[in-house]
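Trainee: Could you take one part of this protein and walk me through it slowly? I'd like to see how a single piece sits among the rest.

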Amino acid sequence: RAGGNGHAFYEAHMAELARQRFELQRDLQQCVERGELALYLQPQVDAQGKIVAAEALLRWNHPERGIVPPNLFIPIAEETGQIVSMGAWALREAARLIHAFERAGTPLRVAVNVSPRQFSHSGFVDMVREMLALADDGDRDRRDHGCGILFGILRDTAYRLRGLAEEELKRLRITGDVTFVVRGTNAIDNR
């Protein structure tokens with residue numbers, strides 16, 4: 001009995017699910033410091049099969065569980081705020097990869113999904129400035145030939161964040177070098 005006129009039911013598997021979630025949440029707290037995150041690049045190809053861009057996919061390689069599916073750890077990271085440090089790591093890693101592709105002579109645009117919580121975080125603008133400096137040493141000609149970072153925002157928050165996005169981009173003094181990609185569209189091809 002749950003009190004009043006309500007009832008609550010207990011099933012053993014519920015306790016196991018709660019325990020697993022607690023363990024994931026605990027382990028997430030140190031995944032960045034322990035180097036357990038990885039960024040996988042999913043290629044975007046044109047009609048001729050040429051890679052024109054890539055989407056960065058964040059993965060967590062847990063030391064005991066192996067690769068943890070994003071649908072298990074991303075919601076926990078969002079709820080606890082850990083998504084901010086994880087997202088910062090992903091942006092820095094994407095910048096590093098872009099620079100590596102540049103040095104190899106194969107510029108690549110990379111779409112990075114940014115969580116609404118990360119985007120509205122007070123340090124987001126400074127972090128993006130740092131990341132852009134890593135990926136782009138001021139050579140505008142390189143950007144014009146396809147190198148850059150595209151930020152993705154989930155569709156259900158894109159409209160709420162539109163005003164914030166414009167203000168943040170003004171603070172970054174960016175006009176067209178960053179494209180906001182709403183998940184579920186083919187905006188990469190339209191850049």
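Mentor: Let's take a close look at helix 2, starting with the whole chain and then zooming in.

Keep in mind that this is a predicted model. The protein has seven helices and six strands, and along the sequence they follow the pattern α-β-β-β-α-α-β-α-α-α-β-α-β. Of its 191 residues, 40% count as buried. Take the contacts with a separation of 6 or more: residues 24 or more positions apart account for 68% of those.

Now zoom in. Helix 2 covers residues 70-80, and its buried residues are F73, I76 and A77. Go and find those three on the helix: they span an arc of only 100 degrees around the axis, so they lie on the same side of helix 2. Then turn the helix around. On the face turned away from that buried side you'll find the exposed residues N71 and E79.

So what sits over the buried side? The cover over F73, I76 and A77 includes helix 1 (12-28), strand 2 (51-62), strand 3 (66-68) and helix 3 (83-103).

Let's pick one of those partners, helix 1. Its axis and the axis of helix 2 come within 10 Å and cross at roughly 70 degrees. An angle from 65 to 115 degrees counts as roughly perpendicular, and that is why helix 1 is described as roughly perpendicular to helix 2. The crossing of the two is right-handed.

Which residues do the touching? From helix 1 come R21, L24, Q25 and L28, and they meet L72, F73, I76, A77, E79 and T80 of helix 2. Sorted by class, this contact has six nonpolar, two polar and two charged residues. Notice some familiar names in there: the buried F73, I76 and A77 are among the residues of helix 2 that meet helix 1. E79 takes part in the contact too, although E79 is one of the exposed residues on the face turned away from the buried side.

What comes after the helix? Helix 2 is followed by G81, which has a positive phi, near 85 degrees.

Before you go, have a peek at helix 3, another part of that cover. R92 is found in helix 3, and because its relative accessibility is 32%, R92 counts as partly exposed. Setting aside neighbours within four places in sequence, R92 is in contact with E130 and M131. R92 and E130 are 38 residues apart along the chain, with their C-alpha atoms separated by 8.3 Å.

How values were computed
Residues numbered from 1 in each chain as written. Predicted model: local features only at pLDDT ≥ 70, side-chain atom pairs only at ≥ 80, totals over all residues. Heavy atoms only, no water. Buried < 20%, exposed > 50% of the residue type's maximum accessible area, 1.4 Å probe, protein only. Helix = DSSP H or I, 4+ residues; strand = E, 2+ residues; numbered from the N terminus. Arc of directions from axis to C-beta. Contact = heavy atoms within 4.5 Å. Axes fitted to C-alpha atoms, helices over the stretch in contact; angles between N-to-C directions. Parallel < 35°, antiparallel > 145°, perpendicular 65-115°, else oblique. Left-handed = near helix turned anticlockwise from the far one by under 90°. Nonpolar A, V, L, I, M, F, W, Y, C, P; charged D, E, K, R; others polar.
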